[in-house]
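Biologist: I have this model open and would love a close look at a single part of it. Could you walk me through the open sheet, starting from its edge, and add whatever else helps to place it?

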Amino acid sequence: MRLGSWLAAAAVLVGVGCGSSGGSQPGGPDAGDVITCQNDPRVMNYASGLTVTSTSGSHKYVLLTSDPAPPARGNDTWTIKITDAQGNALSGLSASVLPFMPDHGHGTSVNASITANSDGTYTVTPLYFFMPGVWRISFSVPPTQQSDVGNFFFCVPG
């Protein structure tokens, strides 16, 4: 009996996988299922000027624009501003970004780059949201890139 229960549980886990039920199987994503996560409590509502604070409080990351807006499946381009804790703009930083799907345990295969603009803002592209679900977009600046991050959470429907 225990082996049968274990096999049934394993079959369910294999069927869930990344995304939903699998591929072109009946009821799978190719059959018209829609992934929604707008009501997830982690998800933020997109608005120009949306601001997150780094875990230490030393930096703020301000999302000025997203193209498309709100963030959507495919290649997105963001313009951000990075400030100190008091809100003073910081220009010329070597920032990093990591898009990641926390519920699936993976990121994306495309590395986004952050380019400093002459007006003190930064362009982040391409943010490749290749599948629907909750995405965490983490920003950091040296020297504390591993431990001091600012996280945006968005639902990419599909």
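Modeller: Happy to; what follows goes from the sheet as a whole to its edge strand, then to two peptide bonds and a serine in another strand. Please keep in mind that this is a predicted model.

Let's begin with the overall layout. Five strands make up an open sheet, running in the order β1-β2-β3-β7-β6 with antiparallel pairing. Because β1 (50-53) and β6 (113-116) each have a single partner strand, they stand at the edges, and one side of each is left without a neighbour in the sheet. From one strand to the next, the twist averages 30°. As a reminder, strands of a sheet pair through backbone hydrogen bonds, either parallel or antiparallel.

Now for the edge strand β1 itself. Its pairing with β2 (residues 59-67) is antiparallel and spans four bridges. Two of the bridge partners are easy to find on your screen: L50 is matched with L63 in β2, and T51 with V62 in β2. The two strands form a hairpin with five residues between them. In that turn, G57 has a positive phi of about 85°.

The side chains of β1 alternate along the strand. L50 and V52 point to one face and are buried, whereas T51 and T53 point to the other face and are not buried. So the buried L50 has L63 as its bridge partner, while T51, on the other face, has V62.

If you follow β2 to its end, you reach a cis peptide bond, from D67 to P68, with omega near 5°. P68 is found in the loop between β2 and β3 (74-84). A cis bond also leads from T125 to P126, with omega near -15°. P126 lies within a strand, β7 (residues 122-129), and β7 sits between β3 and β6 in the order of the sheet.

Finally, a look at S138, which has its place in strand β8 (residues 133-140). S138 is buried, because its relative accessible area is 9%, below the 20% cut-off. Its side chain makes a polar contact with the side chain of R136 at 3.4 Å. The side chains of S138 and N151 are also joined by a polar contact, this one of 2.4 Å. Leaving aside neighbours within four places in sequence, S138 is in contact with S96, V97, L98, V149, G150 and N151.

How values were computed: Residues numbered from 1 in each chain as written. Predicted model: local features only at pLDDT ≥ 70, side-chain atom pairs only at ≥ 80, totals over all residues. Heavy atoms only, no water. Pairing = 2+ DSSP bridges. Axes fitted to C-alpha atoms, helices over the stretch in contact; angles between N-to-C directions. Buried < 20%, exposed > 50% of the residue type's maximum accessible area, 1.4 Å probe, protein only. Polar contact = N/O pair within 3.5 Å; in protein donor to acceptor, adjacent residues only side chain to side chain. Contact = heavy atoms within 4.5 Å.
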